[in-house]
Amino acid sequence: MARRLAASLALACLVAGCSAPTEPAQPPAVSTTKLTVKVLEDRPHDAAAFTQGLELVDGVLYEGTGLVGQSEIRAIDPTTGAVRQRGALPAEFFGEGITVVDDRIWQITWQDGVAIERDRATFAERRRVEYQGEGWGLCFDGGGRRLVMSDGTDKLTFRDPDTFEPRGEVRVAGEDGPVTRLNELECVDGAVYANVWQTDQIVRVDPASGRLTGVADLSALFPREQRAGADVLNGIANIPGTDEFLVTGKLWPKMFRIRFEG
């Protein structure tokens, strides 16, 4: 009986074209481009702003700031740095990233687990949505019609821009492994640019795969020996319709108009 069963299995395998197990195919490696930074201009920035989010829309630079009791949302003149409008977060909240979605602004908080949806014109609070974990950076991927959010790890979470509900996630990795401490984000042409906290690096990420596609060193912008009273690099905003960006840092007296090359 056993001999007959073995023969039957062998015949079935022959018909089906069985073969020895093979290793699953690996995706092709994606090299990480070293991006050079060309400084085009420096502009004034409020040295009292603990910058957590930065986004330029319709000629208005929106900035979210942090620290308990000091967190705000601001509308700024992108050339002069003058604050045109501001709205305070409740005193107990530590503000983090922001992003504009149509006539609304989403603003997240660090460890409070609360996202605030605001009216873009007035900054009036429309509603609050709770989420799990920490909030760090936020941007709106208009092409994919989704929010992208960081939490200080190597994870990017995709969220519904209307409900803030999670719709998926991806882990970010480069040639040397996971890339953690992803902070302020900017979504541009299908890519995500991210500040890496406690470094002078901005990385470019393919959100479809999580692969790092570019790394830029911005340490020459504002050398650390000149940063008395200032904090780390944090804040990146694409200038719409161009390949240029505005970048700044927490408590920096300047922001810089730059271009990544490479």
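Where does Asp189 sit? Asp189 is in the loop between strand 16 and strand 17 (191-196). Keep in mind that this is a predicted model. Below is a quick tour: an open sheet, a run of hairpins, some salt bridges and a few residues with unusual backbone angles.

**The eight-stranded sheet**

- Eight strands make up an open sheet, ordered 16-17-18-19-1-22-21-20, and the pairing is mixed.
- Strand 16 and strand 20 (233-238) are the edges, so to speak, each pairing on one side only.
- On average, neighbouring strands of this sheet are turned by 30 degrees against each other, direction ignored.
- In the middle of that order you'll find strand 19 next to strand 1. Strand 1 (residues 33-44) and strand 19 (residues 212-217) run parallel and are paired over three bridges.
- If you want a residue to anchor that pairing, take Leu35, whose bridge partner in strand 19 is Ala216.

**Asn183, on an edge strand**

- Asn183 belongs to strand 16 (residues 182-188), one of the two edge strands of the open sheet.
- Is Asn183 buried or exposed? Asn183 is buried, because its relative accessible area is 2% and the cut-off for buried is under 20%.
- Setting aside neighbours within four places in sequence, Asn183 has contacts with Glu96, Trp136, Gly137, Ser150, Asn195, Trp197, Asn234 and Lys250.

**Strands 7, 8 and 9**

- Strand 7 (residues 104-109) and strand 8 run antiparallel and are joined by five bridges. Ile105 stands opposite Arg118 in strand 8.
- These two strands, 7 and 8, form a hairpin with four residues between them. Gly113, in the turn, has a positive phi of about 65 degrees.
- Strand 8 is also joined to strand 9 by five bridges, again antiparallel. Here Ala115 is the residue opposite Val129 in strand 9.
- The hairpin of strand 8 and strand 9 has five residues between the strands, and Phe123 in its turn has a positive phi of about 70 degrees.
- How many of the six residues of strand 8 are buried? Five of the six are, so strand 8 is largely enclosed by the rest of the structure.

**Salt bridges**

- The count for the model comes to 25 salt bridges.
- Glu72 and Arg86 form one of them, at 3.2 Å from N to O. Glu72 lies in strand 4 (residues 72-76) and Arg86 in strand 5 (residues 83-88), so the pair ties together parts that are 14 residues apart in sequence.
- The two partners have their own burial classes: Glu72 is buried at a relative accessible area of 15%, while Arg86 is partly exposed at 47%.
- Arg127 and Glu117 make another salt bridge, with their closest N and O atoms 2.8 Å apart. This pair links distant parts of the chain, with Arg127 in strand 9 (residues 125-130) and Glu117 in strand 8 (residues 114-119), ten residues apart.
- What are the relative accessible areas here? Arg127 is partly exposed, with 32%, whereas Glu117 is buried, with 5%.
- Glu117 and Arg127 also belong to a network: salt bridges that share partners join them with Asp103, Arg104, Asp119, Arg126 and Asp162.
- Asp151 and Lys155 form a salt bridge too, their closest N and O atoms being 3.9 Å apart. Both Asp151 and Lys155 are buried.

**Positive phi in residues other than glycine**

- Back to Asp189: its phi is near 50 degrees, which is a positive value in a residue other than glycine.
- Asp189 is exposed, because its relative accessible area is 80% and exposed means over 50%.
- Leu251 has a positive phi as well, at about 65 degrees, although Leu251 is not a glycine.
- Leu251 is in the loop between strand 21 (244-249) and strand 22 (254-261).
- Leu251 counts as partly exposed, with a relative accessible area of 22%.

How values were computed
Residues numbered from 1 in each chain as written. Predicted model: local features only at pLDDT ≥ 70, side-chain atom pairs only at ≥ 80, totals over all residues. Heavy atoms only, no water. Buried < 20%, exposed > 50% of the residue type's maximum accessible area, 1.4 Å probe, protein only. Contact = heavy atoms within 4.5 Å. Salt bridge = Lys/Arg side-chain N within 4 Å of Asp/Glu carboxyl O. Pairing = 2+ DSSP bridges. Axes fitted to C-alpha atoms, helices over the stretch in contact; angles between N-to-C directions.
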